[in-house]
Each structure stands twice: as structure tokens, then as C-alpha cells.
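Work through the exercises below with the sequence and the structure open. Each task is followed by a solution in steps.

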Amino acid sequence: MLPAYITHSDCAKHEMGINHPECPERLGAINDMLLTKGLLDYMSPHDAPLATLEQLAHAHSSRYVGELMAASPAEGYCKVDPDTDMNPHTLTAALRAAGAAVLATELVLAGDAPSAFCCVRPPGHHATRAAAMGFCFFNNVAVGIRHALTHHGIERVALIDFDVHHGNGSEDIFRGDERVLMCSIFEQGIYPFTGDDATGPNMVNVGLPSRSGGAAFRNAVGSHWLPALETFRPEMIYISAGFDGHRDDDMGNIGLLEADYEWVTQQIMAVAAKHSQGRVISCLEGGYMLSPLARSVAAHVRVLIGCD
Ligand SMILES: [Zn+2]
């Protein structure tokens, strides 16, 4: 029984114009790195299915889903947000990205995979219940989490978000949903300029000043995330795995390194081993400089699949 590696070639057909940082090449860079590191030998590959309307409705309003489907262009681009565009393939890619999280949930809860990495785009954590934004259309992890809660009798899920940007969409969807504990660490003062306000007991959002570095990041995990997770005892853990906090990624300026992503994944896996039967599902979010992105994902996945 191998950890699942879920992706789809359709996810590379979505693009938002030349020089857009959320580019199709991100997936190829990750795939190449996992391949050359030999990590894919230890994973079971799966094609991401299309999320269904019923699955999307757990996290998004049906009006929003309908509007997004109607906006899908036959050619060219349709702008849905100042930096978020649809091309003719975007809708299919977004449905597969959300569907990947659902398939990961099914595989892990059926005992067919101990853990899963969803190598998908578009990312999801800025997508709110009723709006696309920040390169995101459907909130992939949220769709997966709500699927587990709704159809599998799971009662407590932790969502861990270490993307350098605050996951405002996930917060919007899970605010007040006490079945979900969201733990995030993000850089203060950058897009989407949220996360600093306390929005409820199920939100453990920690903003760090720019140039905080890995030691401050690890301190925040130890002093904020781990005690909350210990109390919450999640039955499953989902990760919004964004790697744009890497020192070499100019989307953020928090100064993390591959070793920090490796370390935080070790902390998450230890919580999962204790409380969650090891059940961890990681979905790709940000990370825009191809080389540090691929290296960071490899460091993360190596721990996720138990090869460390
Ligand atoms: Zn990000």
C-alpha cells in the first residue's frame, strides 16, 4: 500500500498568459524532481477525477459555481479577479484539482493509501465560498475536507496551511465550523492582507513579520500549532502546501528553506501518527520559482511518504 500521487495532464492546460507566475511549468518541475529523486517509485499514481457539483457545493455556493461555469471562455481569457483569469481549459483543471482532494480522501479513508500528495493547479486556498481570487477558483482542500466530514463520518479535521499568504478562502469557508481546526502561518502585510484578526476558536492563524526566517517559523509551529493540534486530536490532517515562503521565491519574504518544509512536515506527521492514524492529505498551493519549488516539494513529500 503506497502513498497516492494524484495529478492530471489537464491541470497543465490552464494558463493565465505569458509571464504569469502561476504557470503550467510548475507541475512539470515538481514531477521531474520527484522522478529524479526516486520518490515516485514509492508512490501510487492516480489521475485526478473531475469534482462533481455535489462535491463542490460542500464548500462553495451553487450560485458561484454556476457563474464560474458560465464564465468559462471558448477562446481567449476571461478575467475573474485582477490577477486570476480563465482560459478554455481552466474550468476542467479546477474541477480536477478539487477532484484530486476528493479522490485522496476516498483512498486514504478506504485504507488504500496511507497518505496522498495532490500535485495539482490551480491552487485553492484563496477561493472563498463565493469568489475566485488570488489564482484560485475552487478551494481544493476545503472540498476534500467537507467530503470527509459529510460522507465518511469524520468529525474532526485539521487544516494546516504553510503557504506564505494567508488562506483567506479557507478561513471564509471554515470560520465557525468547529469540526475543522485551521492552523496557518503566513507573512504579515502581503496579499491578501487578512489573517491578523481573531475570527473564532477554530482558527489558529499566526502572522509573521517579513524576514522572520526559519527559526521564528518553527517557534510559531511549536508554540501555536502543536498545542492546538494536541488538544483538538484531529482524525485526519489536510495540508495547504504552499512553498512560496522559500527564501528564493520572490512572492514572499519570510525566508524559509527546504529544511524548514522538511521539519514542519515531520511535525505534522508526528501529530498524525499520534491522533490521525497517519492520515495526511497534502494539496499543492503556491510556490512560483521553479527550482526552489521543486526542491521544497521533494523535501516535503519525502517525509510525507515516510522515506526520510
Ligand atoms: Zn501563496
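The place of P192 is in the loop between β7 (180–187) and β8 (203–208). The model is a predicted one.

**Exercise 1. Cis peptide bonds**

Task: Find which residue is joined to P192 by a cis peptide bond, and locate the cis bond that leads to P122.

Solution.
- Step 1. Begin with P192, in the loop between β7 and β8. The residue joined to P192 is Y191, and omega of this cis bond is about 0°.
- Step 2. Turn to P122, which sits in the loop between β5 (115–118) and α5 (140–151). The bond from R121 to P122 is cis, and its omega is near 0°.
- Step 3. Set this against the general pattern: most peptide bonds are trans, and most residues other than glycine have a negative phi.

**Exercise 2. Positive phi**

Task: For N19, state the value of phi and decide whether the residue is buried or exposed. Do the same for the phi and the accessibility of Q277.

Solution.
- Step 1. N19 is not a glycine, yet its phi is positive, at about 75°.
- Step 2. N19 belongs to the loop between β1 (4–7) and α1. Its relative accessible area is 76%, so N19 is exposed, the cut-off being over 50%.
- Step 3. Q277, also a residue other than glycine, has a positive phi near 55°.
- Step 4. The loop between α8 (258–275) and β10 (280–284) holds Q277. With a relative accessible area of 65%, Q277 is exposed.

**Exercise 3. The zinc site**

Task: Which residues are the protein donors of the zinc ion, and why is the arrangement of the donor atoms irregular?

Solution.
- Step 1. List the donors: D163 (OD), D163 (OD), H165 (ND1) and D244 (OD), so that D163 appears twice in the list. They lie 2.0 to 2.8 Å from the zinc ion.
- Step 2. Read the spacing of the donor residues in sequence, which is D-x1-H-x78-D.
- Step 3. Check the angles. The four donor atoms subtend 51 to 152° around the zinc ion, and the arrangement is therefore irregular. A tetrahedral assignment would need all angles between 85 and 135 degrees.
- Step 4. Check accessibility. D163 is buried because its relative accessibility is 1%. H165 is likewise buried, at 7%.

**Exercise 4. The cavity**

Task: How many cavities of 30 Å³ or more does a search of the whole structure find, and which residues line the largest cavity?

Solution.
- Step 1. The search finds one cavity of 30 Å³ or more. The space in the largest cavity is about 40 Å³.
- Step 2. Its lining consists of F162, D163, V164, I185, F186, F217, G245, I254, L256 and Y261.
- Step 3. Sort the lining by class: eight residues are nonpolar, one is polar and one is charged.
- Step 4. Compare with Exercise 3: D163, in this lining, is also a donor residue of the zinc ion.

**Exercise 5. Sequence separation and distance in space**

Task: How far apart, C-alpha to C-alpha, are M236 and S276, Y42 and P3, and P209 and D83?

Solution.
- Step 1. M236 is part of strand β9 (residues 236–241), and at 0% relative accessibility this residue counts as buried. M236 and S276 are 40 residues apart in sequence and 5.1 Å apart in space.
- Step 2. Y42 is in the loop between α1 (25–36) and β2 (44–47). Its relative accessibility is 47%, so Y42 counts as partly exposed. Between Y42 and P3 there are 7.3 Å in space, at a separation of 39 residues in sequence.
- Step 3. P209 lies in the loop between β8 and α7 (213–232) and is partly exposed, with a relative accessible area of 46%. P209 and D83 are 126 residues apart in sequence and 24 Å apart in space.

**Exercise 6. The whole chain**

Task: What does the secondary structure of the chain come to, and why does the chain count as being as compact as a globular protein of its length?

Solution.
- Step 1. Count the elements: nine helices and ten strands.
- Step 2. Take the radius of gyration, 17 Å, and set it beside the 19 Å that the globule rule gives for 308 residues; the two are close, so the chain is as compact as a globular protein of that length.
- Step 3. Add the extent: along the principal axes, the C-alpha atoms fill a box of roughly 50 × 45 × 40 Å.
- Step 4. Add burial: 61% of the 308 residues count as buried.

Note on methods: Residues are numbered from 1 along each chain as its sequence is written. This is a predicted model: local features need pLDDT of at least 70, side-chain atom pairs count only at pLDDT 80 or more; totals for chains, interfaces and linings use all residues. Side-chain values use heavy atoms; hydrogens and water are left out. Donors are N, O and S atoms within 2.8 Å of the metal (3.2 Å for Na, K and Ca); water is not among the atoms, so sites may look incomplete. Four donors count as tetrahedral if all angles lie between 85 and 135 degrees; four count as square planar and six as octahedral if opposite donors are over 155 degrees apart and all others between 65 and 115; anything else is irregular. Buried means under 20% relative accessible area, exposed over 50%, partly exposed in between (1.4 Å probe, protein chains only). On a 1 Å grid over the protein atoms alone, a cavity is a set of points where a 1.4 Å probe fits but cannot get out, and a pocket is an open set with protein on both sides within 12 Å along at least five of seven lines; lining residues have an atom within 4 Å of a point. Grid points are joined across faces, edges and corners, and a volume is the space filled by probe spheres set on the points. Ala, Val, Leu, Ile, Met, Phe, Trp, Tyr, Cys and Pro count as nonpolar, Asp, Glu, Lys and Arg as charged, and the others, Gly among them, as polar. Helices (H or I, at least four residues) and strands (E, at least two) are DSSP runs, numbered from the N terminus. The radius of gyration is taken over C-alpha atoms; the globule rule is 2.2 Å times the number of residues to the power 0.38.
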